[in-house]
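Colleague: Hi! Could you walk me through this one?
Modeller: Sure, here it is.

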Protein chains: 2
Amino acid sequence: MLLSIDHAAPEPIYLQIRTQVVTAIARGELHPGDRLPSVRALASDLGVNLHTVNKAYALLRDEGYLVMRGRSGARITDPADLHASVGCEVGDERLAASLHQLALEYRARGGTLEEFGHIALQQARQAFEDA
Amino acid sequence: MLLSIDHAAPEPIYLQIRTQVVTAIARGELHPGDRLPSVRALASDLGVNLHTVNKAYALLRDEGYLVMRGRSGARITDPADLHASVGCEVGDERLAASLHQLALEYRARGGTLEEFGHIALQQARQAFEDA
DNA sequence: CATTTGTTATATAGCAGATATAACAAATCA
DNA sequence: TGATTTGTTATATCTGCTATATAACAAATG
């Protein structure tokens, strides 16, 4: 099972699915062109409703991570295409805004720029390690 | 007016208030010991309900940014105290988790570690600039 | 052409955000 | 001391989002 759902978590189920798919792509567990389970099959496996999975797939499609084509189902987008696409630019803007806000909050708690930079690079290196 | 509310934004009003107070602390627009408007006064100024402001203040208190004492009202915590407090450790854990997830999503979109580090440091420097 | 795919349309139940009114304990000020 | 202002709590209502359920649709496959 590639995905696991926590019904007790505060994060909505459809966002849990979305995040875990993105994480799997980042870690190389899902490759460009790979086919995801059908919304009905995954919903059955996870014990959730069809529409919950469909909402996650539609979000991933809107964000550019997936491509849907009729009965072909959901397939992983080529990251090269994604990185060059327009949708990625808005993603970069959101990334910058998120990083800016995290830095502001760290500063408000009395943290320094050097400490923040250290934590950021530490977490980034860990996220970019090969799976 | 220190705060401004966007009723059309998807972010809840009480979180908008919370974030703007934290940002003001980070930028030095609010100093340790400064007194915030009363929940009733701020609610009236912003055109929102008393409980919406109270929810934001209670959250800021739980996060350690504010201290409440009877009629003394809400006052800004000393960042030095905050940075040394236990509540700051869980804040650091959340920061690390957020940074890790942002890096994972950037990698999933075809970004590199170097690019991410550059954007992170760029935003951090901007956030730590003096107001 | 029948099947499987994602998609859309309705409807329902539950939870959170926001509002409204009311009352309470604690600290301040006259 | 006593009235006032502070944050806080208790109900209640309304709205929107999450999740579920049933049903039907267009597109692509074999």
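Modeller: Let's begin at the DNA: α3(A) gives the largest share of the surface near DNA strand C, 4 residues. Keep in mind that this is a predicted model.

Colleague: Thanks! Which elements supply at least two residues each of that surface near DNA strand C?
Modeller: In chain A they are α2 (39-46) and α3 (50-62), and in chain B they are α1 and α3 (50-62).

Colleague: And which residues come nearest to DNA strand C?
Modeller: Of the 26 residues around the strand, the nearest are A:His51, B:Ile13, B:His51, B:Thr52 and B:Arg71. On the DNA side, sugar and phosphate make up 61% of the strand C atoms that come within 4 Å of the protein.

Colleague: What does the side chain of A:Arg71 have near it on DNA strand C?
Modeller: A base oxygen, 2.8 Å from an N or O atom of that side chain. For A:Arg61, the partner is a phosphate oxygen of strand C at 2.9 Å from a side-chain N or O atom.

Colleague: Switching topic: how much area do chain B and chain A bury between them?
Modeller: About 4400 Å², with 68% of it on carbon and sulfur atoms. On the chain B side, B:Arg107, B:Arg109 and B:Phe128 supply 19% of the area buried against chain A, more than any other three residues.

Colleague: How many salt bridges cross that interface?
Modeller: The rule finds 4 between chain B and chain A. One of them pairs B:Arg18 with A:Glu105, whose closest N and O atoms are 2.7 Å apart.

Conventions. Residues are numbered from 1 along each chain as its sequence is written. Chains are lettered from A and ligands numbered from 1 in the order in which they are written. This is a predicted model: local features need pLDDT of at least 70, side-chain atom pairs count only at pLDDT 80 or more; totals for chains, interfaces and linings use all residues. Side-chain values use heavy atoms; hydrogens and water are left out. Buried area is the accessible area (1.4 Å probe) that two parts lose on being put together, summed over both. A salt bridge is a side-chain nitrogen of Lys or Arg within 4 Å of a carboxyl oxygen of Asp or Glu. A residue is near a molecule or strand if one of its heavy atoms lies within 4 Å of it. A polar contact is a pair of N or O atoms within 3.5 Å; within protein, one must be able to donate a hydrogen and the other to accept it, and residues adjacent in sequence count only if both atoms are side-chain atoms.
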